[in-house]
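Q: Could you take a close look at one part of this model for me, the strands towards the end of the chain and the aromatic rings they carry? I would like to know what pairs with what.

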Amino acid sequence: MVVPSLKLQDLIEEIRGARTQAQEREVIQKECAHIRASFRDGDPMLRHQQLAKLLYVHMLGYPAHFGQMECLKLIASSRFTDKRVGYLGAMLLLDERHDAHLLITNSIKNDLSQGIQPVQGLALCTLSTMGSAEMCRDLATEVEKLLLQPSPYVRKKAILTAVHMIRKVPELSNVFLPPCAKLLHERHHGILLGTVTLITELCERSPEALRHFRKVVPQLAQILQTLVTTGYSTEHSISGVNDPFLQVQILHLLRILGRNHEESSETMNDLLAQVATNTDTSRNAGNAVLFETVLTIMDIRSTAGLRVLAVNILGRFLHNSDRNIRYVALTSLLRLVQSDHSAVQRHRPTVVECLQETDASLSRRALELSLALVNGSNVRAMMQELQAFLESCPPDLRADCASGILLAAERFAPTKRWHIDTILHVLTTAGTHVRDDAVANLTQLIGGAQELHAYSVRRLYNALAEDISQQPLVQVAAWCIGEYGDLLLEGNFEEIEPLQVEEEEVLALLEKVLQSHMSLPATRGYALTALMKLSTRLRGDNNRIRQVVSIYGSCLDMELQQRAVEYDTLFRKYDHMRAAILEKMPLVERGGPQVDEEAKERKEAAQLSEVAPAPTESQASQLLDLLDLLDGASGNAQHPPLLDPSPGGALVHLLDLPCAPPPPAPIPDLKVFEREGVQLNLSFIRSPENPALLLIIITATNSSESDVTHFICQAAVPKSLQLQLQAPSGNTVPARGGLPITQLFRILNPNKAPLRLKLRLTYNHFGQSVQEIFEVNNLPVESWQ
């Protein structure tokens, strides 16, 4: 007996009534077999019903690819019921991965040319959903014609389809550019919203469109002002705000048009102030408009008073009961804290209150903003708040909070004693969560503060006596007791409470650290070394220390065993040298092994600066840029003076350096790249002491109206040469001749081979990603001979 095919409603009921997944699969498999049989029989009256059931099966996640060709047949049908299901099936079953989607291009073209509005709407919806680049190029003309149709229904869908086409094929911008100016005169809010979205897409993808639409800024401002000043409208108002969707989209477009453009920014300044003061903030719709207004104010060249108003709006958001709004405010203030630090600083008490939020994301954002607000004038008050938060913050925030406090204290510490106290508090509270370099930084800080040695060793001894579980704290305390244990026993430090410590107590505490199961191998190494150093600083008998050292000579840890054996050898064979070997550690320069390399580079830069000619101001600035790169990011670095170009100055240098070789002739600069205002120049410096070494300074400038972001310059040379790329000075080149990016290339050419350079540039400009690969073969001969 053949089971008849089910209707769509019956199929839905039977599937929902299945008790198990296997029963559901059985129902669907049977019905899919009926659908396949119906497609093979080719009954045109039932095809749309069968495809509707197949689409429901597809939405449940079961395969329905065999219905793709049926969608094409239904789209080609003259019946509206068939077309409706056919276009729906095309949107669900077809995309650019299937070649079958190209077969419906002619059907869509025919339906767009017909005057039946429902059919045109179906075709436009399908094209805007799954239209590929090829389809967009073929149908752009038909969509352009529909943009000016009298029916608002068709025009609105045509505009949205044009937005999809621009995203797929940016070259079609010129096709849709002319109708946009006419569409801005529409009163239909749906058409206006679609038009503003279309203009936004055009401006983000085409510099020509951006310049063209800056002329319509007054018209956009007038539309927005009408929306703000118009009273309640039943058709468009949402929570008392007149069409907030259209307001937000216009503000977004104004932000793009006013970025880096003085005239457009001045046109919209008064309007933005009016929107910011007249928008109702009691509902979420008004908050959305206000937030978009703030983003626009901060992105254009607005006045200082308007920027302060924007920051105050974000400050009011911090008092909102909605956690999402508070999170948005904290994130926005974090972006503005560098450019408008004083304005954000006024809301510091509110930001600090947000540290106590129960929501982890809110407290994390509040922590980041609080750390960014720390400066030299408020460091004491902010550190108290942050240390209090560190004691009660969630475990997942403790590491970030501890690291932030240490960095801020290192940067803004008013005194060394305050700095030491702050680090000790962090180590005591969250020692296991601090950075790896916290121990080295604190030991270096204590070692450099000679007047605080007694104070530090007493503070650390008390902290160690109370708790030996915080490993970084134990390591610093063991190091300090080993170095300055004699000061601990003197008891003549008057600034803190008198403390009487006996030698036996100190040794017992270090032995406790060695025996504790919580101590790491590195911590035991600190304690063992501290005991060994105390053998030269204490006046009592060293037999107890010798016994402890000999016990660890058979330790399973190789590092501890080696130390113990070496220390025991000092006692037995080289006791006369023990005091000299265990003297106090000299102060280590900051940076460790990197100091020698940095000093070497600074010396090399100084030598180059003494022999480099400085006939013009541009060459002098280029040399200063080079020194900036070699010295690192420090803004306080002192550059060596440039050679005086006057004859008298040259004579003085000749008298001072009679054996110095004459300076090489200057190498002319070379321009190697220029596109849309972005220019790349090469400057050359050769070392007189090492003629095989060539320094090339890459300078990237930007004279266009849009910033260049994510700028990366990579280079390659022939195998006979050696190339070293230094870090660039940044990755953003501001528009209109802002601060350029400089980068240093070091090329070693011992064989004096002809120099060839292959460069690859990648950056974002006018909203597009640019990649250029080219070879430079016309380098000056002086750069390699």
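A: Let's start at a single bridge: Arg 675 has Val 678 of β4 as its bridge partner. That bridge belongs to the antiparallel pairing of strand β3 (residues 670-675) with strand β4 (residues 678-686), which spans 5 bridges. Here helices (H or I, at least four residues) and strands (E, at least two) are DSSP runs numbered from the N terminus, and two strands pair if DSSP finds at least two bridges between them. The β3-β4 hairpin has 2 residues between its strands, and Glu 676 there takes a positive phi near 50°.

A word on the source: this is a predicted model, in which local features need pLDDT of at least 70 and side-chain atom pairs count only at pLDDT 80 or more, while totals for chains, interfaces and linings use all residues. Residues are numbered from 1 along each chain as its sequence is written, and side-chain values use heavy atoms, with hydrogens and water left out.

Further along, an open sheet of 3 strands follows the order β6-β9-β10 with antiparallel pairing. Its edge strands, β6 (708-716) and β10 (768-776), each pair on one side only. From one strand to the next, the twist averages 10° (axes are lines fitted to C-alpha atoms, for helices over the stretch in contact, with angles from 0 to 180 degrees between N-to-C directions). Within this sheet, β6 and strand β9 (residues 757-765) run antiparallel and are joined by 7 bridges; in one of them, Ile 712 partners Thr 762 of β9.

Now for the rings. Rings of Phe, Tyr and Trp (its six-membered ring) pair if their centres lie within 6.5 Å; planes under 30 degrees apart count as stacked, over 60 as edge-to-face and the rest as tilted. By this rule there are 3 aromatic pairs. Among them, Phe 673 and Phe 774 are stacked, at 5.6 Å centre to centre with 10° between the planes. This pair links distant parts of the chain, as Phe 673 is in strand β3 and Phe 774 in strand β10, 101 residues apart. Phe 673 is buried at 10% relative accessible area, and Phe 774 counts as buried at 17% (buried means under 20%, exposed over 50%, partly exposed in between, with a 1.4 Å probe and protein chains only).

Phe 711 and Tyr 763 have ring centres 6.0 Å apart and planes at 25°, so they are stacked too. Phe 711 in strand β6 and Tyr 763 in strand β9 are 52 residues apart, another link between distant parts of the chain. Both of these residues are buried.
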